[in-house]
Amino acid sequence: MLASEVHPFAKTGGLADVVGALPQALTALGHEVRIGMPLYGSVDRRRFRLQPIQGVVTVAVGDRTWPCRIWTAPLPATTLPVYFIEQPELFGRAHVYQLDGRDDPDNLLRFSVFCQAALALIPHLRWQPQVLHAHDWQTALAVAHLAFGAVARAPAFSSISTVFTIHNLAYQGLFPREQWPLTGLPESTFRIDRLEFYGQINCLKGGLVGADLLTTVSPTYSQEIQTKEFGCGLEGVLQTRRGRLTGILNGIDPQEWNPQTDPHLPAHFSADRLAGKSICKLTLQQRQNLPTRHDVLIGMIQRLVDQKGIDVFLDALPALMTLPIQVVVLGTGDPRYHEQLTQAQQRYADRLSVTLAFDNGLAHLIEAGADAFLMASRFEPCGLNQMYSMRYGTVPMVRRVGGLADTVVDLQARELATGLVFESADPASLTEAVRRAVVAFRDQRVWRALMQQGMRQDWSWDRSARRYVEVYRQAMATRHGQGVG
Ligand code: ADP
(Lines give C-alpha, C1' and ligand atoms only; values in the text may rest on other atoms or scores of the structure.)
Protein backbone atom coordinates (compact mmCIF):
# COMPACT_ATOMS: atom_id res chain seq x y z
CA MET A 1 0.00 0.00 0.00
CA LEU A 2 1.33 3.42 -0.88
CA ALA A 3 0.06 6.62 0.71
CA SER A 4 1.25 10.15 1.40
CA GLU A 5 -0.05 10.04 4.97
CA VAL A 6 -0.48 7.25 7.49
CA HIS A 7 -1.75 7.63 11.07
CA PRO A 8 0.01 7.90 13.53
CA PHE A 9 3.12 8.95 11.58
CA ALA A 10 1.68 11.83 9.56
CA LYS A 11 -1.89 13.04 9.11
CA THR A 12 -3.80 15.89 7.53
CA GLY A 13 -7.16 14.12 7.08
CA GLY A 14 -9.13 10.91 6.77
CA LEU A 15 -6.70 9.30 4.32
CA ALA A 16 -4.21 8.82 7.15
CA ASP A 17 -6.82 7.13 9.33
CA VAL A 18 -7.77 4.74 6.54
CA VAL A 19 -4.23 3.70 5.66
CA GLY A 20 -3.41 3.37 9.36
CA ALA A 21 -6.35 1.00 9.94
CA LEU A 22 -7.26 -0.96 6.79
CA PRO A 23 -3.92 -2.85 6.67
CA GLN A 24 -4.54 -4.11 10.20
CA ALA A 25 -7.97 -5.42 9.24
CA LEU A 26 -6.47 -7.11 6.17
CA THR A 27 -3.78 -8.69 8.35
CA ALA A 28 -6.49 -10.06 10.63
CA LEU A 29 -8.01 -11.72 7.56
CA GLY A 30 -4.71 -13.48 6.88
CA HIS A 31 -3.15 -11.18 4.28
CA GLU A 32 0.33 -9.72 4.32
CA VAL A 33 0.45 -5.95 3.92
CA ARG A 34 3.38 -3.56 3.77
CA ILE A 35 3.08 0.20 3.56
CA GLY A 36 5.26 2.84 1.88
CA MET A 37 5.17 6.55 2.73
CA PRO A 38 7.55 9.55 2.54
CA LEU A 39 9.69 10.34 5.58
CA TYR A 40 8.58 13.87 6.43
CA GLY A 41 10.58 16.02 8.82
CA SER A 42 7.64 15.83 11.23
CA VAL A 43 7.73 12.03 11.62
CA ASP A 44 8.98 11.26 15.11
CA ARG A 45 11.79 8.80 14.37
CA ARG A 46 12.66 8.17 17.97
CA ARG A 47 9.15 7.60 19.25
CA PHE A 48 8.37 5.16 16.44
CA ARG A 49 11.85 3.58 16.53
CA LEU A 50 12.67 3.91 12.85
CA GLN A 51 15.54 1.71 11.69
CA PRO A 52 17.54 2.29 8.51
CA ILE A 53 17.57 -0.47 5.90
CA GLN A 54 20.88 -1.26 4.23
CA GLY A 55 21.50 0.38 0.86
CA VAL A 56 20.11 3.36 -0.98
CA VAL A 57 17.49 3.52 -3.72
CA THR A 58 18.35 6.07 -6.39
CA VAL A 59 15.89 7.37 -8.96
CA ALA A 60 16.49 9.76 -11.86
CA VAL A 61 13.79 12.40 -12.07
CA GLY A 62 14.08 15.65 -14.02
CA ASP A 63 17.69 16.44 -14.75
CA ARG A 64 19.26 14.81 -11.73
CA THR A 65 19.29 11.73 -9.54
CA TRP A 66 17.66 11.49 -6.13
CA PRO A 67 19.27 9.12 -3.67
CA CYS A 68 16.73 7.92 -1.11
CA ARG A 69 17.51 6.14 2.13
CA ILE A 70 14.92 3.72 3.36
CA TRP A 71 13.84 3.40 6.97
CA THR A 72 11.40 1.00 8.49
CA ALA A 73 9.26 0.67 11.61
CA PRO A 74 6.26 -1.45 12.48
CA LEU A 75 2.86 0.17 12.40
CA PRO A 76 2.31 0.70 16.17
CA ALA A 77 0.79 -2.27 18.00
CA THR A 78 1.35 -4.52 14.95
CA THR A 79 4.23 -6.25 13.21
CA LEU A 80 3.22 -4.76 9.89
CA PRO A 81 6.24 -3.11 8.22
CA VAL A 82 6.08 0.51 7.11
CA TYR A 83 8.83 1.71 4.75
CA PHE A 84 9.74 5.38 4.88
CA ILE A 85 11.37 6.94 1.84
CA GLU A 86 13.88 9.52 3.02
CA GLN A 87 14.87 12.33 0.69
CA PRO A 88 15.65 15.33 2.92
CA GLU A 89 15.57 17.95 0.14
CA LEU A 90 12.04 16.92 -0.77
CA PHE A 91 10.50 15.60 2.43
CA GLY A 92 12.63 17.09 5.21
CA ARG A 93 9.96 19.77 5.80
CA ALA A 94 7.65 19.53 8.79
CA HIS A 95 4.48 19.84 6.69
CA VAL A 96 2.99 17.33 4.28
CA TYR A 97 1.63 19.27 1.27
CA GLN A 98 1.40 22.96 2.00
CA LEU A 99 2.33 25.86 4.23
CA ASP A 100 -0.10 28.70 5.12
CA GLY A 101 -2.68 27.37 2.69
CA ARG A 102 -0.25 27.31 -0.26
CA ASP A 103 0.83 24.06 -1.93
CA ASP A 104 4.56 23.47 -2.19
CA PRO A 105 5.63 24.42 -5.73
CA ASP A 106 7.66 21.22 -6.12
CA ASN A 107 4.87 18.78 -5.22
CA LEU A 108 4.99 16.99 -8.58
CA LEU A 109 8.71 16.40 -8.15
CA ARG A 110 8.23 15.30 -4.53
CA PHE A 111 5.55 12.72 -5.17
CA SER A 112 7.04 11.54 -8.45
CA VAL A 113 10.30 10.77 -6.66
CA PHE A 114 8.32 9.07 -3.89
CA CYS A 115 6.38 6.87 -6.33
CA GLN A 116 9.39 5.90 -8.37
CA ALA A 117 11.53 5.22 -5.31
CA ALA A 118 8.76 3.08 -3.81
CA LEU A 119 8.65 0.96 -6.96
CA ALA A 120 12.44 0.75 -7.10
CA LEU A 121 12.41 -0.50 -3.53
CA ILE A 122 10.32 -3.58 -4.32
CA PRO A 123 13.13 -5.73 -5.83
CA HIS A 124 15.22 -5.05 -2.69
CA LEU A 125 12.60 -6.41 -0.32
CA ARG A 126 12.92 -10.08 -1.21
CA TRP A 127 9.16 -9.96 -1.02
CA GLN A 128 6.87 -9.68 -3.99
CA PRO A 129 3.46 -8.03 -3.63
CA GLN A 130 0.62 -9.44 -5.72
CA VAL A 131 -1.28 -6.19 -5.55
CA LEU A 132 -0.17 -2.59 -5.30
CA HIS A 133 -2.89 -0.50 -3.67
CA ALA A 134 -2.34 3.23 -4.18
CA HIS A 135 -4.31 6.07 -2.57
CA ASP A 136 -5.08 9.49 -4.07
CA TRP A 137 -3.14 11.59 -6.57
CA GLN A 138 0.14 11.58 -4.65
CA THR A 139 0.59 7.87 -5.35
CA ALA A 140 -1.24 7.66 -8.69
CA LEU A 141 2.03 7.94 -10.62
CA ALA A 142 3.11 4.57 -9.20
CA VAL A 143 0.05 3.03 -10.84
CA ALA A 144 0.69 4.95 -14.05
CA HIS A 145 4.30 3.70 -14.13
CA LEU A 146 3.15 0.11 -13.71
CA ALA A 147 0.62 0.59 -16.52
CA PHE A 148 2.48 2.79 -19.00
CA GLY A 149 6.07 3.28 -17.82
CA ALA A 150 9.31 1.54 -18.64
CA VAL A 151 8.99 -0.68 -15.56
CA ALA A 152 5.73 -2.16 -16.87
CA ARG A 153 7.69 -4.66 -18.95
CA ALA A 154 10.18 -5.68 -16.25
CA PRO A 155 9.47 -9.18 -14.87
CA ALA A 156 9.53 -8.00 -11.23
CA PHE A 157 6.63 -5.65 -11.94
CA SER A 158 4.56 -7.06 -14.77
CA SER A 159 2.68 -9.45 -12.50
CA ILE A 160 1.67 -6.80 -9.92
CA SER A 161 -2.02 -5.95 -10.10
CA THR A 162 -3.06 -2.44 -9.21
CA VAL A 163 -5.95 -0.99 -7.22
CA PHE A 164 -6.40 2.75 -6.95
CA THR A 165 -8.60 4.39 -4.30
CA ILE A 166 -10.10 7.83 -4.70
CA HIS A 167 -10.40 9.46 -1.28
CA ASN A 168 -11.18 12.87 -2.71
CA LEU A 169 -11.65 13.57 -6.41
CA ALA A 170 -11.22 17.30 -5.92
CA TYR A 171 -7.47 16.93 -5.33
CA GLN A 172 -6.06 15.81 -8.64
CA GLY A 173 -2.42 16.86 -8.66
CA LEU A 174 -2.64 19.29 -11.60
CA PHE A 175 0.63 20.64 -12.98
CA PRO A 176 1.69 22.65 -16.05
CA ARG A 177 2.65 20.67 -19.13
CA GLU A 178 6.25 21.96 -18.91
CA GLN A 179 6.74 19.77 -15.82
CA TRP A 180 5.98 16.58 -17.75
CA PRO A 181 9.60 15.31 -17.62
CA LEU A 182 9.20 15.11 -13.82
CA THR A 183 6.61 12.35 -14.18
CA GLY A 184 9.21 10.02 -15.68
CA LEU A 185 6.53 8.67 -18.03
CA PRO A 186 6.88 8.38 -21.81
CA GLU A 187 5.93 11.51 -23.77
CA SER A 188 3.29 9.40 -25.53
CA THR A 189 1.22 9.18 -22.33
CA PHE A 190 0.57 12.93 -22.30
CA ARG A 191 -2.67 12.46 -24.18
CA ILE A 192 -6.36 12.71 -23.46
CA ASP A 193 -6.97 9.05 -22.65
CA ARG A 194 -3.96 8.99 -20.31
CA LEU A 195 -2.71 11.83 -18.04
CA GLU A 196 -3.49 14.90 -20.14
CA PHE A 197 -6.32 17.08 -18.81
CA TYR A 198 -7.18 20.32 -20.63
CA GLY A 199 -3.54 20.93 -21.53
CA GLN A 200 -2.25 20.12 -18.04
CA ILE A 201 -0.81 17.08 -16.30
CA ASN A 202 -3.38 15.33 -14.11
CA CYS A 203 -1.72 12.82 -11.78
CA LEU A 204 -4.99 11.42 -10.41
CA LYS A 205 -6.10 10.59 -13.93
CA GLY A 206 -3.02 8.37 -14.23
CA GLY A 207 -4.48 6.28 -11.43
CA LEU A 208 -8.00 6.34 -12.86
CA VAL A 209 -7.00 5.13 -16.32
CA GLY A 210 -4.03 2.97 -15.31
CA ALA A 211 -5.32 0.85 -12.43
CA ASP A 212 -6.77 -2.61 -12.90
CA LEU A 213 -9.57 -1.69 -10.50
CA LEU A 214 -10.78 1.48 -8.83
CA THR A 215 -12.46 2.05 -5.52
CA THR A 216 -13.79 5.04 -3.69
CA VAL A 217 -14.79 5.42 -0.09
CA SER A 218 -18.59 5.18 -0.11
CA PRO A 219 -21.27 3.77 -2.42
CA THR A 220 -23.04 7.13 -2.84
CA TYR A 221 -19.80 8.95 -3.72
CA SER A 222 -18.99 6.27 -6.31
CA GLN A 223 -22.22 7.25 -8.10
CA GLU A 224 -21.92 10.99 -7.51
CA ILE A 225 -18.47 11.25 -9.10
CA GLN A 226 -19.89 9.98 -12.38
CA THR A 227 -22.02 13.13 -12.61
CA LYS A 228 -21.11 16.63 -13.72
CA GLU A 229 -21.98 18.10 -10.32
CA PHE A 230 -19.43 16.01 -8.42
CA GLY A 231 -17.11 14.72 -11.16
CA CYS A 232 -14.64 17.64 -11.09
CA GLY A 233 -14.21 17.29 -14.85
CA LEU A 234 -13.36 13.59 -14.59
CA GLU A 235 -16.94 12.28 -14.75
CA GLY A 236 -16.43 11.14 -18.35
CA VAL A 237 -13.35 9.09 -17.45
CA LEU A 238 -15.18 7.56 -14.50
CA GLN A 239 -18.22 6.71 -16.59
CA THR A 240 -16.00 4.85 -19.03
CA ARG A 241 -14.48 2.92 -16.14
CA ARG A 242 -17.64 2.41 -14.11
CA GLY A 243 -17.48 -1.36 -14.51
CA ARG A 244 -14.18 -1.26 -12.62
CA LEU A 245 -15.28 1.15 -9.88
CA THR A 246 -16.62 0.07 -6.48
CA GLY A 247 -17.66 2.19 -3.48
CA ILE A 248 -16.51 0.70 -0.17
CA LEU A 249 -17.37 2.55 3.00
CA ASN A 250 -14.44 3.37 5.27
CA GLY A 251 -14.44 1.78 8.68
CA ILE A 252 -13.08 3.31 11.85
CA ASP A 253 -10.31 2.13 14.12
CA PRO A 254 -12.22 0.70 17.09
CA GLN A 255 -9.26 0.98 19.46
CA GLU A 256 -8.31 4.54 18.57
CA TRP A 257 -11.94 5.70 18.84
CA ASN A 258 -13.38 3.93 21.86
CA PRO A 259 -15.21 5.98 24.56
CA GLN A 260 -14.66 3.17 27.08
CA THR A 261 -10.86 3.36 26.93
CA ASP A 262 -9.92 6.63 25.16
CA PRO A 263 -6.84 8.01 27.00
CA HIS A 264 -7.68 11.58 25.92
CA LEU A 265 -10.85 11.68 28.05
CA PRO A 266 -11.35 12.69 31.71
CA ALA A 267 -14.05 9.97 32.07
CA HIS A 268 -15.19 6.95 30.11
CA PHE A 269 -18.65 5.83 29.05
CA SER A 270 -20.67 3.37 26.99
CA ALA A 271 -24.22 3.07 25.63
CA ASP A 272 -25.42 1.65 28.95
CA ARG A 273 -23.38 3.87 31.25
CA LEU A 274 -23.54 7.39 29.94
CA ALA A 275 -22.60 9.32 33.10
CA GLY A 276 -18.98 9.78 31.97
CA LYS A 277 -20.14 11.71 28.93
CA SER A 278 -21.46 14.57 31.12
CA ILE A 279 -18.02 14.87 32.72
CA CYS A 280 -16.49 15.09 29.25
CA LYS A 281 -18.96 17.84 28.32
CA LEU A 282 -18.11 19.82 31.44
CA THR A 283 -14.37 19.44 30.83
CA LEU A 284 -14.79 20.53 27.22
CA GLN A 285 -16.80 23.60 28.16
CA GLN A 286 -14.25 24.59 30.80
CA ARG A 287 -11.29 23.99 28.52
CA GLN A 288 -12.88 26.05 25.75
CA ASN A 289 -13.94 28.88 28.11
CA LEU A 290 -17.64 28.36 27.56
CA PRO A 291 -20.21 28.80 30.36
CA THR A 292 -21.26 25.42 31.78
CA ARG A 293 -24.87 25.71 30.68
CA HIS A 294 -27.23 22.92 29.66
CA ASP A 295 -27.30 24.06 26.01
CA VAL A 296 -26.85 21.72 23.07
CA LEU A 297 -23.08 21.61 22.69
CA ILE A 298 -22.21 21.20 19.01
CA GLY A 299 -18.77 20.05 17.85
CA MET A 300 -17.09 20.70 14.51
CA ILE A 301 -13.69 19.27 13.55
CA GLN A 302 -12.59 19.81 9.99
CA ARG A 303 -10.25 21.19 7.44
CA LEU A 304 -11.42 24.79 7.01
CA VAL A 305 -12.03 24.65 3.27
CA ASP A 306 -14.98 25.25 0.93
CA GLN A 307 -15.65 21.50 0.66
CA LYS A 308 -16.69 21.33 4.29
CA GLY A 309 -19.20 24.19 3.99
CA ILE A 310 -17.57 26.26 6.73
CA ASP A 311 -18.78 29.37 4.87
CA VAL A 312 -22.34 28.04 5.07
CA PHE A 313 -21.91 27.72 8.83
CA LEU A 314 -20.51 31.27 9.06
CA ASP A 315 -23.46 32.62 7.07
CA ALA A 316 -25.87 30.75 9.35
CA LEU A 317 -24.24 32.06 12.55
CA PRO A 318 -26.51 35.07 13.21
CA ALA A 319 -29.54 32.74 13.15
CA LEU A 320 -27.79 29.90 14.99
CA MET A 321 -26.63 32.14 17.80
CA THR A 322 -30.23 32.93 18.77
CA LEU A 323 -30.74 29.24 19.67
CA PRO A 324 -29.85 27.61 23.02
CA ILE A 325 -26.62 26.11 21.67
CA GLN A 326 -22.87 26.35 22.08
CA VAL A 327 -20.43 25.51 19.29
CA VAL A 328 -16.84 24.29 19.51
CA VAL A 329 -14.87 24.53 16.26
CA LEU A 330 -11.47 22.87 15.76
CA GLY A 331 -9.77 23.21 12.41
CA THR A 332 -7.08 24.62 10.18
CA GLY A 333 -7.06 25.59 6.54
CA ASP A 334 -7.90 28.60 4.43
CA PRO A 335 -6.54 31.80 6.11
CA ARG A 336 -9.76 33.58 5.06
CA TYR A 337 -11.78 31.28 7.30
CA HIS A 338 -9.28 31.60 10.14
CA GLU A 339 -9.95 35.33 10.11
CA GLN A 340 -13.74 35.08 9.86
CA LEU A 341 -13.94 32.49 12.63
CA THR A 342 -11.71 34.57 14.91
CA GLN A 343 -14.00 37.57 14.42
CA ALA A 344 -17.10 35.46 15.01
CA GLN A 345 -15.64 34.10 18.24
CA GLN A 346 -15.05 37.63 19.55
CA ARG A 347 -18.62 38.51 18.73
CA TYR A 348 -20.24 35.41 20.26
CA ALA A 349 -17.72 34.65 23.01
CA ASP A 350 -20.18 32.88 25.33
CA ARG A 351 -21.53 30.58 22.61
CA LEU A 352 -18.71 29.98 20.16
CA SER A 353 -15.23 28.66 20.78
CA VAL A 354 -12.71 28.43 17.93
CA THR A 355 -9.38 26.59 18.03
CA LEU A 356 -7.31 27.07 14.89
CA ALA A 357 -4.94 24.14 15.26
CA PHE A 358 -4.48 20.49 14.48
CA ASP A 359 -4.97 18.83 17.84
CA ASN A 360 -5.77 15.12 18.02
CA GLY A 361 -6.34 15.10 21.80
CA LEU A 362 -8.83 17.97 21.57
CA ALA A 363 -10.54 16.22 18.63
CA HIS A 364 -11.16 13.20 20.87
CA LEU A 365 -12.46 15.39 23.72
CA ILE A 366 -14.84 17.21 21.35
CA GLU A 367 -16.19 13.91 20.01
CA ALA A 368 -16.83 12.79 23.59
CA GLY A 369 -17.99 16.04 25.18
CA ALA A 370 -20.26 17.40 22.46
CA ASP A 371 -23.97 16.55 22.31
CA ALA A 372 -24.15 16.89 18.53
CA PHE A 373 -21.71 17.14 15.64
CA LEU A 374 -22.16 19.31 12.54
CA MET A 375 -21.01 18.53 8.99
CA ALA A 376 -22.37 20.81 6.26
CA SER A 377 -20.18 19.44 3.47
CA ARG A 378 -20.75 20.38 -0.17
CA PHE A 379 -19.39 16.96 -1.01
CA GLU A 380 -18.09 14.27 1.33
CA PRO A 381 -16.45 11.14 -0.12
CA CYS A 382 -16.96 9.24 3.15
CA GLY A 383 -16.41 11.38 6.21
CA LEU A 384 -15.13 9.82 9.40
CA ASN A 385 -16.20 12.22 12.08
CA GLN A 386 -19.89 11.33 11.79
CA MET A 387 -18.92 7.71 12.57
CA TYR A 388 -16.64 8.72 15.45
CA SER A 389 -19.52 10.87 16.72
CA MET A 390 -22.00 8.00 16.70
CA ARG A 391 -19.53 5.82 18.56
CA TYR A 392 -19.25 8.55 21.22
CA GLY A 393 -23.01 9.10 21.57
CA THR A 394 -22.70 12.46 19.83
CA VAL A 395 -25.58 12.96 17.43
CA PRO A 396 -24.44 13.82 13.89
CA MET A 397 -26.20 16.58 11.95
CA VAL A 398 -25.11 16.10 8.37
CA ARG A 399 -25.91 17.11 4.84
CA ARG A 400 -27.35 14.29 2.69
CA VAL A 401 -24.32 13.79 0.46
CA GLY A 402 -21.67 11.13 -0.23
CA GLY A 403 -20.70 8.94 2.70
CA LEU A 404 -22.78 11.07 5.08
CA ALA A 405 -25.90 9.91 3.23
CA ASP A 406 -24.71 6.31 3.55
CA THR A 407 -24.07 6.41 7.29
CA VAL A 408 -26.57 8.68 9.06
CA VAL A 409 -30.30 7.93 9.35
CA ASP A 410 -32.58 10.92 9.93
CA LEU A 411 -34.78 11.39 12.98
CA GLN A 412 -37.87 10.74 10.86
CA ALA A 413 -36.97 7.05 10.76
CA ARG A 414 -37.82 6.94 14.48
CA GLU A 415 -36.25 3.92 16.20
CA LEU A 416 -33.75 3.46 13.35
CA ALA A 417 -32.63 7.09 13.48
CA THR A 418 -29.04 7.96 14.34
CA GLY A 419 -28.94 11.68 13.56
CA LEU A 420 -30.33 14.63 11.66
CA VAL A 421 -29.96 14.90 7.91
CA PHE A 422 -30.49 18.07 5.84
CA GLU A 423 -30.71 18.47 2.09
CA SER A 424 -28.71 21.44 0.95
CA ALA A 425 -25.54 23.28 1.82
CA ASP A 426 -27.26 26.56 2.58
CA PRO A 427 -27.66 28.50 5.83
CA ALA A 428 -31.45 28.00 6.05
CA SER A 429 -31.25 24.23 5.63
CA LEU A 430 -28.43 23.99 8.18
CA THR A 431 -30.21 26.21 10.70
CA GLU A 432 -33.39 24.17 10.36
CA ALA A 433 -31.47 20.97 11.18
CA VAL A 434 -29.97 22.57 14.28
CA ARG A 435 -33.41 23.80 15.30
CA ARG A 436 -34.77 20.25 15.00
CA ALA A 437 -31.86 19.04 17.13
CA VAL A 438 -32.66 21.61 19.82
CA VAL A 439 -36.26 20.37 19.93
CA ALA A 440 -35.19 16.70 20.05
CA PHE A 441 -32.65 17.50 22.80
CA ARG A 442 -35.41 18.84 25.04
CA ASP A 443 -37.06 15.41 25.05
CA GLN A 444 -34.55 13.28 26.92
CA ARG A 445 -36.17 10.05 25.71
CA VAL A 446 -35.92 10.99 22.05
CA TRP A 447 -32.34 12.22 22.40
CA ARG A 448 -31.15 9.23 24.38
CA ALA A 449 -32.66 6.88 21.79
CA LEU A 450 -30.76 8.72 19.04
CA MET A 451 -27.51 8.49 20.99
CA GLN A 452 -27.89 4.83 21.80
CA GLN A 453 -28.96 3.81 18.31
CA GLY A 454 -25.82 5.56 16.99
CA MET A 455 -23.61 3.87 19.60
CA ARG A 456 -24.95 0.47 18.59
CA GLN A 457 -23.78 0.79 14.96
CA ASP A 458 -20.85 -1.32 13.88
CA TRP A 459 -18.32 0.73 11.90
CA SER A 460 -15.41 -1.65 12.35
CA TRP A 461 -13.15 -2.31 9.39
CA ASP A 462 -13.78 -6.03 9.16
CA ARG A 463 -16.67 -5.90 6.68
CA SER A 464 -15.03 -3.28 4.46
CA ALA A 465 -11.69 -5.11 4.55
CA ARG A 466 -13.44 -8.21 3.18
CA ARG A 467 -14.76 -6.11 0.32
CA TYR A 468 -11.24 -4.87 -0.42
CA VAL A 469 -10.02 -8.46 -0.51
CA GLU A 470 -12.66 -9.22 -3.16
CA VAL A 471 -11.46 -6.22 -5.14
CA TYR A 472 -7.82 -7.37 -4.88
CA ARG A 473 -8.77 -10.84 -6.15
CA GLN A 474 -10.75 -9.33 -8.98
CA ALA A 475 -7.82 -7.05 -9.87
CA MET A 476 -5.52 -10.08 -10.04
CA ALA A 477 -7.99 -11.92 -12.25
CA THR A 478 -8.24 -8.85 -14.48
CA ARG A 479 -4.49 -8.46 -14.84
CA HIS A 480 -3.98 -12.13 -15.53
CA GLY A 481 -6.51 -12.22 -18.29
CA GLN A 482 -9.67 -13.54 -16.68
CA GLY A 483 -10.99 -10.02 -16.97
CA VAL A 484 -14.12 -8.32 -15.74
CA GLY A 485 -14.56 -6.13 -18.81
P1 ADP B 1 -11.10 14.75 5.28
O2 ADP B 1 -10.27 13.54 5.00
O3 ADP B 1 -11.82 15.29 4.09
O4 ADP B 1 -10.33 15.83 5.98
P5 ADP B 1 -12.58 13.04 7.13
O6 ADP B 1 -13.82 13.29 7.92
O7 ADP B 1 -12.56 11.84 6.26
O8 ADP B 1 -12.29 14.36 6.29
O9 ADP B 1 -11.35 12.89 8.13
C10 ADP B 1 -10.87 13.96 8.86
C11 ADP B 1 -9.98 13.40 9.95
O12 ADP B 1 -9.04 14.40 10.33
C13 ADP B 1 -10.74 13.03 11.19
O14 ADP B 1 -10.04 12.00 11.86
C15 ADP B 1 -10.68 14.33 11.98
O16 ADP B 1 -10.88 14.14 13.35
C17 ADP B 1 -9.29 14.79 11.69
N18 ADP B 1 -9.10 16.22 11.77
C19 ADP B 1 -9.43 17.17 10.88
N20 ADP B 1 -9.07 18.39 11.29
C21 ADP B 1 -8.50 18.21 12.50
C22 ADP B 1 -7.91 19.11 13.47
N23 ADP B 1 -7.85 20.41 13.25
N24 ADP B 1 -7.40 18.57 14.60
C25 ADP B 1 -7.46 17.24 14.82
N26 ADP B 1 -8.00 16.35 13.96
C27 ADP B 1 -8.51 16.83 12.82
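Domain bounds, as used throughout these legends, come from an automatic or database domain assignment. The model shown is predicted.

**Figure 1. The two domains of the predicted model.** The domain assignment divides the protein into domain 1 and domain 2. Domain 1 is made up of two sequence segments, 14-251 and 462-479, whereas domain 2 covers residues 275-458. A distance of 32 Å separates the C-alpha centres of domain 1 and domain 2. To the contact, domain 1 contributes 18 residues and domain 2 likewise contributes 18 residues.

**Figure 2. Close-up of the contact between domain 1 and domain 2.** The size of an interface is often given as the accessible area lost when the parts come together. Here, domain 1 and domain 2 bury about 1300 Å² between them, and carbon and sulfur atoms account for 59% of that area. Between the two domains, 8 residue pairs are in polar contact, both residues of each pair being at pLDDT 80 or more. The count of salt bridges between domain 1 and domain 2, by contrast, is 0.

**Figure 3. The side of domain 1 that touches domain 2.** Two elements, α1 (14-28) and α7 (219-224), each give two or more residues to this side of domain 1. The largest share comes from α7, which supplies 4 residues. By residue class, the side of domain 1 that touches domain 2 consists of 7 nonpolar, 7 polar and 4 charged residues.

**Figure 4. Close-up of the ligand and its surroundings.** The ligand is surrounded by 18 residues, of which Lys-11, Gly-14, Arg-303, Lys-308 and Ala-357 come nearest. Gly-14 approaches through its backbone, with an N or O atom 2.6 Å from an oxygen atom of the ligand. For Arg-303, a polar side-chain atom is placed 2.7 Å from a ligand oxygen atom. The side chain of Asn-385 has an N or O atom at 3.2 Å from an oxygen atom of the ligand.

**Figure 5. Two sites of backbone geometry.** Most residues other than glycine have a negative phi, and most peptide bonds are trans. The peptide bond that runs from His-7 to Pro-8 is cis, its omega being near 10°. Pro-8 belongs to the segment before α1. At the second site, Tyr-198 has a positive phi, near 45°, although Tyr-198 is a residue other than glycine. Tyr-198 is situated in the loop that joins β10 (196-197) and β11 (200-202).

Terms used. Residues numbered from 1 in each chain as written. Predicted model: local features only at pLDDT ≥ 70, side-chain atom pairs only at ≥ 80, totals over all residues. Heavy atoms only, no water. Contact = heavy atoms within 4.5 Å. Buried area = accessible area lost by both parts, 1.4 Å probe. Salt bridge = Lys/Arg side-chain N within 4 Å of Asp/Glu carboxyl O. Polar contact = N/O pair within 3.5 Å; in protein donor to acceptor, adjacent residues only side chain to side chain. Nonpolar A, V, L, I, M, F, W, Y, C, P; charged D, E, K, R; others polar. Near = heavy atom within 4 Å.
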